[in-house]
Amino acid sequence: MDLKILTDFEKQSIGERQPLPERYLRLSDDELDARIASAKATLGERCVILGHHYQRDEVIKFADYIGDSLKLSRAAASRTKADYIVFCGVHFMAESADILRAPHQKVVLPDLAAGCSMADMAAPDQLEICWREMEQLGVRTDALGADGRAGVIPVTYINSSAAIKAFVGAHGGIVCTSTNAQSIMTWAWERGEKLLMLPDQHLGRNTGFKMGVPLDQMVVWDPNEMWGGLDADQVKAAKLILWKGHCSVHTRFTVPQIEAFRKKYPDGRVVAHPECTLDVVRAADESGSTEYIINTVKASPAGAVWAVATEVHLVNRLTAEVPDKTIVTLDPFGCLCSTMFRVSPNHLLWILEGLVEGTIYNQITVPEPTRTDAKLALDRMLAL
Ligand code: 13P
Ligand code: SF4
């Protein structure tokens, strides 16, 4: 079942987002396709287009690399031939690419308003306050103990700003993605008694739970409350401190939706992204990153029935790619990442034709010293 996305309606309002020159509005689909293909061909190997799995079809069809956050970070770090990395994804992904790029490369995000609401839930000043308050509550934040381990190691999901990654890098911490969260958390627990996992409480809780950490050894740190809303005993007893952040797309999936699916398809299976809540992930059959979801569904036998709990563009594309299986979105209305959706073919065309003419629009530049510190945290992840 392919869920319709409001593309025609959305076409009327493209210019209301990051404003585009008039000549890039109201172009037909055919003209957009032809001009994007032509600009891409003219740029040749000087330009690489990276596309996240949640991107819309009209954009993703021009991507040289399609993947989850980990795969795209590696692609950004390895495609050094290209002068320009056009990142069809959201802001934190383009920032990560800018941190990992070669010195001569430039990273571009087609619409600067393509952010991530989860990444926005952790601000650097909130993290600095959290770090100070944890120390005041009796957690050793930076000094090593007699066993050579830190009191707490910060671990940030790649869905965070460069400034958050920089803080984490400067304090002995590491970045994780939904693919490698378990091995990264293992790495971190070898180096610290506790982990501060941010900004997604659900990825942290789901991964910790899978690794056998009891729920009563996890606490939620609310950055809008004094002391995170916790007392010293709660923080001291915790093995895993979860930042109070979430993805508004993935937290829409519910256990009653899984029950309704199982009623309709008793042999059906459910695969959920780990940004879903713990009850949803526990009720699902499988859980993993966008790449894992795609591979798992594709590898299942013909005739298999799946409910997929992640962004609707990925689900629609998967439905079309595996016609021998029945695939439905777990939320009957489909969950749209509205910020990822901001990267329109019109924006992509504007960027590419600009590059052909020698003008770089929307370059993403992470300033020093943020870049160097954030790179520490990203490199630690990529080295694992
Ligand atoms: P993946 O790394 O699994 O692609 O997830 C990125 C993301 O933002 C999911 O919401
Ligand atoms: Fe951010 Fe959620 Fe969109 Fe992923 S789906 S980019 S976490 S808002």
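At about what angle to β13 does helix α14 run? The answer is about 165°, and helix α14 (residues 312-321) lies across both β12 and β13. Keep in mind as you explore that this is a predicted model. The protein has 16 helices and 13 strands. Its radius of gyration is 21 Å, close to the 21 Å that the globule rule gives for 384 residues, so the protein is as compact as a globular protein of that length. Along the principal axes, the C-alpha atoms fill a box of roughly 65 × 55 × 35 Å.

**The sheet that includes β13**

- Start with the strands beneath that opening question: 4 strands form an open sheet, in the order β11-β10-β12-β13, and their pairing is parallel.
- At the edges you will find β11 (286-287) and β13 (326-329), each of which pairs on one side only.
- Strand β12 (residues 305-309) runs parallel to β13, and 4 bridges join the two.
- To see one such pairing for yourself, look for V308, whose bridge partner in β13 is T329.

**The sheet that includes β1**

- Another open sheet of 4 strands has the order β2-β1-β3-β4, again with parallel pairing.
- Here β2 (65-67) and β4 (106-108) stand at the edges with a single partner strand each, so one side of each has no neighbour in the sheet.
- From one strand to the next, the twist in this sheet averages 20°.
- Strand β1 (residues 47-52) runs parallel to β2 and is joined to it by 3 bridges.
- Within this pair of strands, H52 stands opposite G67 in β2.

**Helix α2 and its surroundings**

- Helix α2 covers residues 29-43, which makes 15 residues.
- From its first C-alpha to its last, α2 reaches 21 Å, close to the 21 Å expected at 1.5 Å a residue.
- An α-helix has 3.6 residues a turn, so residues three or four places apart point the same way.
- Just after α2 comes G44, which takes a positive phi of about 55°.
- On the other side of the helix, the loop between α1 (7-11) and α2 holds R26.
- R26 has a positive phi too, near 55°, and R26 is a residue other than glycine.

**Two cis peptide bonds**

- As background, most residues other than glycine have a negative phi, and most peptide bonds are trans.
- The bond that joins L198 and P199 is cis, with omega at about -5°.
- You can find P199 in the loop between β7 (192-198) and α9 (201-210).
- A cis peptide bond also leads from E368 to P369, where omega is near 0°.
- P369 has its place in the loop between α15 (345-357) and α16 (370-383).

**Who surrounds the ligands?**

- Around ligand 1 are H53, D68, S69, N159, T177, S178, C247, E275, S289 and T290.
- Sorted by class, this shell has 1 nonpolar, 7 polar and 2 charged residues.
- Around ligand 2 are V90, C116, S117, M118, N159, C247, V249, E275, E311, C337, T339 and M340.
- The shell of ligand 2 has 7 nonpolar, 3 polar and 2 charged residues.
- Compare the two lists and you will meet N159, C247 and E275 in both shells.

How values were computed:
Residues are numbered from 1 along each chain as its sequence is written. Chains are lettered from A and ligands numbered from 1 in the order in which they are written. This is a predicted model: local features need pLDDT of at least 70, side-chain atom pairs count only at pLDDT 80 or more; totals for chains, interfaces and linings use all residues. Two strands pair if DSSP finds at least two bridges between them. Two residues are in contact if their C-beta atoms, placed from the backbone, lie within 7 Å. Axes are lines fitted to C-alpha atoms, for helices over the stretch in contact, and angles run from 0 to 180 degrees between N-to-C directions. A residue is near a molecule or strand if its C-beta atom, placed from the backbone, lies within 6 Å of it. Ala, Val, Leu, Ile, Met, Phe, Trp, Tyr, Cys and Pro count as nonpolar, Asp, Glu, Lys and Arg as charged, and the others, Gly among them, as polar. The expected span of a helix is 1.5 Å times one less than its number of residues. The radius of gyration is taken over C-alpha atoms; the globule rule is 2.2 Å times the number of residues to the power 0.38.
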